[in-house]
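The following exercises ask the reader to work from atomic positions to statements about bonding, burial and contacts. Each task is followed by a solution in steps.

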Amino acid sequence: MKTWSSRMMKYLLFVFNLVFVITGIALIAIGMGTKSGNEPYQNLLDDRYFSTPSLLISVGCFIFFIAFLGCCGAIREHYCMVITFSILLSAVLITEVSAGITGYVLSDETADVMRYKVNASMYQYNKTIADTTLWDETQTDLKCCGTNSYKDWYPVFNNTLLPVSCCGPQPGAIGQLNCNADTKTLYKQPCLQAMADFISQNISKIGFGAFTIAFVQLIGVLFACRLAKNIKESYETV
């Protein structure tokens, strides 16, 4: 015999599955946004900065299947489906928490991870298109210069000239532009810290998003377990 509470649990779980679909879309969006944000610095980062967002994208896609299973189990009041839904959602929840922890850990390690590769990349400036483009775009976009100081460029060029991208627009300038320590529009912010801050903010979105969504899904697991218990009890009383 169906009780009021079992019917309520069934429809609440159905509604929560619609919410899970939204959380799946959110995970895919967070993963893709983080991955694309890190893409310009691919040569300066290790694989963890791309595998973690990829994991979130995969989990987001998998949630669509879990939500479908949960909807079918709730509407049909199928005990095995609801239990399977609970187990799979619990596994997803654990994965999201792990990804969230990894996101926060990576955000703290970014500067140390990048330090050696950033220094090495400076000496490839004007030698490879990839490194030249990376530095010009980074210094222009983040308004920074050099790894730890604009003076880091001195041993690279063996003089005191700097890449033009180390300086902002120079009003009234005519002809060929130069950039050096005396240029008024020189960017003095170190690029290593600027890049690390940008990537840390980007990767920390994984931590916040994963933990927030995991909390919502935890409520769904509790509802599913309660519904499964009600279904089992109704079978036993028949």
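A disulfide is taken here as a pair of cysteine sulfur atoms within 2.5 Å. The structure shown is a predicted model.

**Exercise 1.** Determine how many disulfides the chain holds, and describe the bond between Cys144 and Cys191.

*Solution.*
Step 1. With the cut-off stated above, the count comes to three disulfides.
Step 2. The sulfur atoms of Cys144 and Cys191 are 2.1 Å apart, and the two residues form a disulfide.
Step 3. The torsion about this S-S bond is about 95°, so the disulfide of Cys144 and Cys191 is right-handed.
Step 4. The pair links distant parts of the chain, 47 residues apart: Cys144 lies in the loop between α4 (129–142) and α5 (154–157), while Cys191 belongs to helix α6 (residues 191–237).
Step 5. Buried means under 20% relative accessible area. Cys144 has 0% relative accessibility and therefore counts as buried; Cys191, also with a relative accessible area of 0%, is buried.

**Exercise 2.** Which residue is joined to Cys145 by a disulfide, and where do the two partners lie?

*Solution.*
Step 1. Cys145 is joined to Cys166, with an S to S distance of 2.0 Å.
Step 2. The S-S torsion of Cys145 and Cys166 is about 80°, so this disulfide is right-handed.
Step 3. Cys145 sits in the loop between α4 and α5 and Cys166 in the loop between α5 and α6, so the bond ties together parts that are 21 residues apart in sequence.
Step 4. The relative accessible area of Cys145 is 0%, so Cys145 is buried. Cys166 is likewise buried, at 0%.

**Exercise 3.** Characterise the disulfide of Cys167 and Cys179, then give the pattern of the disulfides along the chain.

*Solution.*
Step 1. The sulfur atoms of Cys167 and Cys179 are 1.9 Å apart.
Step 2. The torsion about their S-S bond is about 75°, so the disulfide is right-handed.
Step 3. Cys167 and Cys179 are each in the loop between α5 and α6, twelve residues apart.
Step 4. Cys167 has a relative accessible area of 8% and is therefore buried; Cys179 counts as buried at 1% relative accessibility.
Step 5. When the bonded cysteines are counted along the chain, the disulfides follow the pattern 1-6, 2-3, 4-5.

**Exercise 4.** Is Cys61 buried or partly exposed?

*Solution.*
Step 1. The relative accessible area of Cys61 is 45%.
Step 2. Buried requires under 20% and exposed over 50%, with partly exposed in between. Cys61 is therefore partly exposed.

**Exercise 5.** Identify the residues of the nonpolar surface patch and the helices that supply them.

*Solution.*
Step 1. Ile101, Tyr104, Val105, Phe208 and Phe211 make a nonpolar surface patch of about 460 Å².
Step 2. At least two residues of the patch are supplied by each of α3 (79–122) and α6.
Step 3. Helix α3 gives the largest share, three residues.
Step 4. Val105 is found in helix α3, and its relative accessible area of 38% makes Val105 partly exposed.

**Exercise 6.** Classify the ring pair of Trp153 and Phe157, and name the aromatic cluster that holds these residues.

*Solution.*
Step 1. A pair of aromatic rings is described by the distance of the centres and the angle of the planes.
Step 2. The model has eight aromatic pairs. In the pair of Trp153 and Phe157 the ring centres are 5.5 Å apart and the planes are at 10°, so the pair is stacked.
Step 3. Trp153 counts as buried at 0% relative accessibility, whereas Phe157, at 23%, is partly exposed.
Step 4. Tyr125, Trp135, Trp153 and Phe157 form one aromatic cluster.

**Exercise 7.** Describe the surroundings of Asn38 and Ala224, leaving aside residues up to four places away in sequence.

*Solution.*
Step 1. Asn38 is found in helix α1 (residues 4–38) and, at 0% relative accessibility, counts as buried.
Step 2. The residues touched by Asn38 are Leu45, Tyr49, Phe50, Ile199, Asn202 and Ile203.
Step 3. Ala224 is found in helix α6 and is buried, with a relative accessible area of 0%.
Step 4. Ala224 touches Leu13, Val82, Phe85 and Ser86.
Step 5. From C-alpha to C-alpha, Ala224 and Leu89 are 9.7 Å apart in space, and they are 135 residues apart in sequence.

Methods:
Residues numbered from 1 in each chain as written. Predicted model: local features only at pLDDT ≥ 70, side-chain atom pairs only at ≥ 80, totals over all residues. Heavy atoms only, no water. Helix = DSSP H or I, 4+ residues; strand = E, 2+ residues; numbered from the N terminus. Buried < 20%, exposed > 50% of the residue type's maximum accessible area, 1.4 Å probe, protein only. Patch = residues over 30% accessible without salt bridge, like charges linked within 9 Å, V, L, I, M, F, W, Y side chains within 5 Å. Areas by Shrake-Rupley, 256 points an atom, 1.4 Å probe, with all protein chains shown as cover. Salt bridge = Lys/Arg side-chain N within 4 Å of Asp/Glu carboxyl O. Phe/Tyr/Trp six-rings, centres within 6.5 Å; stacked < 30°, edge-to-face > 60°. Contact = heavy atoms within 4.5 Å.
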